[in-house]
Amino acid sequence: MGIFEKKTLDEWVDVIKKAFTEENYITAICEAHAIDIISRMIASTELQVHRYNKETKKIEEKKDKVYYRLNVKPNVNENGTNLKNKLVIQLLTKGKALIVFEKKRNLPVHYMFLAKTYECSNHVVDGKIFKNVVIEDEEGNTHEFKREFKLDKGECLYFTYNNKKVTTSMESFKKTASKILNITDKSYKASNVNKWRLKNPGGQPTMIDAETNKEISYKDYKEKITEGLLDEDESIILLSAAFDLYLLNKDKSKDLSDHEKQVKEIGDKTAMMYDIPLDVYYGNKTEKSNGNSDLITFACNPIMKSIENTLDGGLIDEEDFIKGEQIRFNRFCMQHLDITSLGTSLDKLTSIGFSFNQICRMLNLPEIDEDWANEHHVTKNYADVKGGAKEDGE
């Protein structure tokens, strides 16, 4: 995807640092900001593991070894939030990502590493094979695996995300925006660089340098005057009586409003392409804004669903998945909630049968190890009414 395809970057800050040397540095910054919003939102979201309980014959949320790998410590040197963040960045910038498994110290669940670079086989019917896999830590140190990783053997997870709409549209927009920015920049420079006219009536007389009292050529005289005009420090310019000097573009300078307007247009377009509400993109949302909900629904949810499908296919057996086992992002915890303002809503959930511990899970609060906390009570009258209403007097 443009600048992102040319470089392998783990954090969008690196994109900004290196993109300043590119022609489309403004679109790179806007695009990096959009990717950062989405990746940080998803990375901070808990991945829940739901398992089938043979005793109760029910699907229950479990914090098992897989949960620990996905959310807390995927490998000895990394935490779950950073891994998820880098995973989303790769999906948005490259449209694909590879996580490989490496067993160490007889661990019940293998370490998980996000690949920086790798070679992928062109298998279409059979499972893909990955070789020359290189991983990188937070300090930039790299390690290349000598072994191959086979997808059909459960040795890796291969994530893909179809983002062609953004890729195609952004590439076209970058070219247009670059041209407009160049025009705006040239117009700004042309309006703010002083243009002078040096008038010499009649023929060119012999000129004497006022400082040395010696004859000076016309070319040297012009350079001497120009040096004084363009000097940032205050200076005195000595002119021959035969010359008049005029400032041609006095009071015609431009401010940066055209640049600001163009940058705002690039930002708006980038936010639209990534389905990010403008109030969230620019950080000016109000209390009544539903921008976060739209961000989750339109920008984050498609990526999260793609990640969930890959995790289900790679970490859960087919028979277990059919029973109801699955790995899901806890979307209830993606909104920042003020619990003191939710009294009425929480009471409503309780009255229609939600247990105390179910509500705790929604709010990302610890559960209580008490029987009453798992009980369900329906306090509203939802009983069926048979026979309909009766007429008065019946």
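In the next few minutes I will go through a small sheet, a pocket, some aromatic pairs and one strand residue. Please keep in mind throughout that this is a predicted model.

Let me begin with the sheet, which is open and has three strands in the order S2-S1-S13, paired in the antiparallel sense. The edges are taken by strand S2, residues 58–62, and strand S13, residues 326–329, and because each of these has a single partner strand, one side of each is left without a neighbour in the sheet. On average, and with direction ignored, neighbouring strands of this sheet are turned by 35 degrees against each other. If we look at strand S1, residues 47–53, we find that its antiparallel pairing with S2 runs over five bridges, and within this part of the sheet His50 stands opposite Glu61 in S2. Helix H10, which covers residues 291–315, packs on the sheet and touches S1 and S13, and its direction makes about 155 degrees with that of S13.

Glu61 brings me to the largest pocket, whose volume is about 860 Å³. The pocket is lined by 30 residues, and those closest to its centre are Glu61, Asn357, Gln358, Arg361 and Glu367. Which elements give two or more residues to this lining? They are S1, S2 and helix H13, the last of these being residues 356–362, and the largest share, five residues, comes from S2.

I turn now to the aromatic rings, where the count comes to seven pairs. In one of them, Tyr281 and Tyr282, the ring centres are 5.1 Å apart and the planes stand at 90 degrees, so this pair is edge-to-face. Are these two tyrosines buried or exposed? Tyr281 counts as buried, because its relative accessibility of 5% falls under the 20% cut-off, whereas Tyr282, with a relative accessible area of 33%, is partly exposed. Elsewhere, ring pairs link Tyr111, Phe113, Phe145 and Phe149 into a cluster.

Phe145 also appears in the surroundings of my last residue, Asn132, which has its place in strand S5, residues 129–136. Leaving aside residues up to four places away in sequence, Asn132 touches Thr117, Tyr118, Glu119, Glu144 and Phe145. For Thr117, the separation from Asn132 is 15 residues in sequence and 7.8 Å in space, taken from C-alpha to C-alpha. Even with these contacts, Asn132 is partly exposed, at a relative accessible area of 33%.

Methods:
Residues numbered from 1 in each chain as written. Predicted model: local features only at pLDDT ≥ 70, side-chain atom pairs only at ≥ 80, totals over all residues. Heavy atoms only, no water. Pairing = 2+ DSSP bridges. Helix = DSSP H or I, 4+ residues; strand = E, 2+ residues; numbered from the N terminus. Axes fitted to C-alpha atoms, helices over the stretch in contact; angles between N-to-C directions. Contact = heavy atoms within 4.5 Å. Phe/Tyr/Trp six-rings, centres within 6.5 Å; stacked < 30°, edge-to-face > 60°. Buried < 20%, exposed > 50% of the residue type's maximum accessible area, 1.4 Å probe, protein only. 1 Å grid on protein atoms, 1.4 Å probe; cavity = no way out; pocket = protein on both sides within 12 Å on 5 of 7 lines; lining within 4 Å. Points joined across faces, edges and corners; volume = space filled by probe spheres on them.
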